[in-house]
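Reader: Hey, I'm new to this one. Can you walk me through it?
Author: Sure, here it is.

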Amino acid sequence: MTMEDGTFESLGYCANTGVDDDVLQWDQRADCEVRQILDRIADKWSLLVIALLDKRSLRFTELRRAIDGVSQRMLARTLRHLERDGLVSRTVHPTVPPRVDYALTPMGATLHATIRALVVWTEEHQNAIAAARAAYDRRVAAEQEAAEREEAERRAVARAALPIRG
């Protein structure tokens with residue numbers, strides 16, 4: 001049976017639909033595997049976990065101490081997701097109390113190189129981004145002030161146009 005042009009093979013299939021590098025396909029359906037993977041690996045907790053596990057394996061408590069602001073529940077959830085995706089391995093040591101170590105898998109280690117490139121780009125462009133943010137904030141504030149002045153002027157004109165009731 002042949003498929004119609006543009007028809008996906010299955011619900012999770014997001015192959016190229018004929019347009020080279022069509023990033024819009026990533027966002028067309030929530031069940032798209034590419035989108036799901038990007039959502040997982042691009043969240044802040046996953047990025048931090050992957051970065052921290054680059055040098056060596058760490059215990060849960062070491063990760064939690066190293067990641068400012070992460071809750072125990074969120075860290076456990078993040079590690080579970082990364083383990084499910086094959087990016088992090090979990091090793092339980094038969095000790096009392098049990099010791100659990102987390103480490104990057106070989107596939108997770110390849111992702112770290114991409115994260116490192118993103119961090120380097122961010123460091124190189126942080127001043128330009130800060131300047132762009134400041135310029136944006138100034139422009140938005142000026143636009144807001146102008147809109148408020150125009151609204152005040154409209155109200156003044158409207159009040160002046162109304163007959164005085166006595």
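Reader: Let me start with one residue: is T105 buried or exposed?
Author: T105 counts as buried, because its relative accessibility is 15%. Buried means under 20% relative accessible area, exposed over 50%, and partly exposed in between, with a 1.4 Å probe and protein chains only. Before we go on, this is a predicted model: local features need pLDDT of at least 70, side-chain atom pairs count only at pLDDT 80 or more, and totals for chains, interfaces and linings use all residues. Residues are numbered from 1 along each chain as its sequence is written, and side-chain values use heavy atoms, leaving out hydrogens and water.

Reader: OK, and where does T105 sit?
Author: T105 is in the loop between strand 3 and helix 5. Helices (H or I, at least four residues) and strands (E, at least two) are DSSP runs, numbered from the N terminus.

Reader: What does T105 touch, leaving aside neighbours within four places in sequence?
Author: T105 is then in contact with G86, L87, V88 and S89. Contact means heavy atoms within 4.5 Å.

Reader: V88 is on that list, so what does V88 touch?
Author: Not counting residues up to four places away in sequence, V88 touches L53, L79, L82, E83, Y102, A103, L104 and T105. V88 also stands opposite L104 in strand 3.

Reader: Which strands make up the sheet, and in what order?
Author: The sheet is open, with 3 strands in the order 1-3-2 and antiparallel pairing. Its edge strands are strand 1 (58-59) and strand 2 (88-93), each pairing on one side only. Two strands pair if DSSP finds at least two bridges between them.

Reader: How many bridges join strand 2 to strand 3?
Author: There are 6 bridges between strand 2 and strand 3, and a hairpin links this pair through 5 residues. Strand 1 is joined to strand 3 by 2 bridges, and there L58 stands opposite Y102.

Reader: Switching topic, which residues have the most contacts inside the largest nonpolar core?
Author: Those are V49, L53, L63, L75, L79, V88 and Y102, in a core of 20 residues. A nonpolar core here is a set of buried Ala, Val, Leu, Ile, Met, Phe, Trp, Tyr and Cys residues joined through side-chain atoms within 4.5 Å. Helix 2, helix 3 (60-66), helix 4 (72-84), strand 3 and helix 5 each supply at least two of its residues.

Reader: What about helix 5, where is its kink?
Author: Helix 5 (residues 106-161) has a kink of about 55°, centred on H125. The bend at a residue is the angle between axes fitted to the seven residues ending there and the seven starting there.

Reader: And which residues of helix 5 are buried?
Author: G108, L111, H112 and I115 are. The buried residues of helix 5 pack against helix 1 (33-41), helix 2 (44-52) and strand 3 (99-104).

Reader: Why does G108 count as buried?
Author: Because its relative accessible area is 0%. Leaving aside neighbours within four places in sequence, G108 is in contact with I50, G86 and L87. G108 and I50 are 58 residues apart in sequence, yet 7.2 Å apart in space, C-alpha to C-alpha.

Reader: Last one: what's the mean pLDDT of the chain?
Author: The mean is 84, and 80% of the residues reach 70 or more. Over residues 1-8 the pLDDT is below 50, and beyond near neighbours in sequence this stretch has 7 contacts in the model. pLDDT is the predictor's confidence in each residue, from 0 to 100.
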